[in-house]
Amino acid sequence: MNDSGWYVDERCTNCDVARQLAPDLIVEANGRSEILRQPLDTAEEDLMYAAAFACHTRSIRPSSGRIDPERDLYPIPLDDTVLFCGHNSQQTAAANSYLLRRPSGNLLMVDTPRWSEPLAARFETLGPVTDVLLTHRDHAAHGRRYADRFQARLWVHEGDLAAAPDADCVLRGTGSIEIADGVLAHPLPGHTEGSVLYVADERYCFSGDSFYWSRTTQDIEVADSVTWYSVEELAASLARTAGDLRFEWLLPGHGDRKQLPADEMAARMRELTARTRALRPRPIDFTAVRW
């Protein structure tokens with residue numbers, strides 16, 4: 001019980017998810033999330049609940065300590081095509097996941113939330129989920145379970161096949177390939193050996209952990225302090241791929257989302273490619289990520 005209102009409990013891992021959803025209410029302080037101020041109206045209360053139901057440790061709590069399940073609004077539409085799944089999982093390092101609507105009425109899931117039968121049933125009411133797309137090995141934990149539940153195909157790149165050895169569809173090499181109508185897979189080794197970008201309709205880029213929008217720098221960034229495979233390979237991948245990418249929405253696994261005009265995104269990707277080329281390997285340091 002906390003008489004002062006919403007609070008963040010001691011399990012917080014500073015993953016940034018809550019701050020993405022309620023940036024005016026929740027901030028980073030002392031290496032964790034903290035409540036900046038209490039919500040002032042119903043809309044802000046909804047944002048706080050969105051943060052609470054996305055938090056992978058369920059550390060965002062109302063004064064009662066109990067999160068009312070009736071206030072769960074997920075999946076939350078980002079526009080008429082993409083929905084944010086919420087319910088981030090401890091087994092995927094609190095990664096964001098998404099549902100992508102297709103014109104034929106089916107949906108694709110990009111990475112996965114925590115496993116939950118009620119969540120799967122809720123997603124299924126939106127239409128048949130035909131494919132589960134894994135961006136890389138760190139986000140593979142629940143892929144097979146969701147794919148089996150939906151009778152969907154599970155996708156992974158051969159570089160990260162060890163994380164999903166029973167995948168139905170295995171991407172190979174570094175060449176881009178159309179995997180569904182209007183959906184391209186762009187292998188992008190760097191963060192991991194098998195990292196992949198999925199770009200839909202030249203509007204939506206699901207970037208996994210390859211790059212993200214930073215609120216700190218107000219730009220697209222790579223998490224060079226958390227690069228498991230090779231930052232030099234990431235630079236080479238961007239140099240090979242960035243010029244062919246066109247999108248308006250940046251939708252990462254970690255870090256913030258952003259919508260900008262496609263030409264501006266393209267210019268920022270060119271600048272990111274040049275900056276990444278200058279980076280050199282460094283020790284893994286989660287605290288150095290510029291959210």
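Here is a short walk through the empty spaces of this structure and one patch on its surface. Keep in mind along the way that the model is predicted.

Let us begin with the enclosed space. Rolling a probe the size of a water molecule over the atoms shows where empty space is left. In this structure, one cavity of 30 Å³ or more turns up, and the largest cavity holds about 60 Å³ of space. To find its walls, look at the run Cys12, Thr13, Asn14, Cys15, Asp16, Val17 and Ala18, which is among the lining residues. Ser33, Cys55, Thr57 and Ile60 belong to the lining as well. By class, six residues of this lining are nonpolar, four are polar and one is charged.

Next comes an open space. The largest pocket contains about 510 Å³, and 22 residues line it. If you want to find its centre, let Val226, His254, Phe286, Val289 and Trp291 guide you, since these lining residues lie nearest to it. The pocket lining is made up of 10 nonpolar, nine polar and three charged residues.

Phe286 also leads us out to the surface. Together with Trp228 and Ile284, Phe286 forms a nonpolar patch there, and the accessible area of the three adds up to about 310 Å². Where in the chain does tryptophan 228 sit? You will find tryptophan 228 in the loop between β17 (219–221) and α5 (231–241). Tryptophan 228 has a relative accessible area of 39%, so it counts as partly exposed.

Technical notes
Residues numbered from 1 in each chain as written. Predicted model: local features only at pLDDT ≥ 70, side-chain atom pairs only at ≥ 80, totals over all residues. Heavy atoms only, no water. 1 Å grid on protein atoms, 1.4 Å probe; cavity = no way out; pocket = protein on both sides within 12 Å on 5 of 7 lines; lining within 4 Å. Points joined across faces, edges and corners; volume = space filled by probe spheres on them. Nonpolar A, V, L, I, M, F, W, Y, C, P; charged D, E, K, R; others polar. Patch = residues over 30% accessible without salt bridge, like charges linked within 9 Å, V, L, I, M, F, W, Y side chains within 5 Å. Areas by Shrake-Rupley, 256 points an atom, 1.4 Å probe, with all protein chains shown as cover. Salt bridge = Lys/Arg side-chain N within 4 Å of Asp/Glu carboxyl O. Helix = DSSP H or I, 4+ residues; strand = E, 2+ residues; numbered from the N terminus. Buried < 20%, exposed > 50% of the residue type's maximum accessible area, 1.4 Å probe, protein only.
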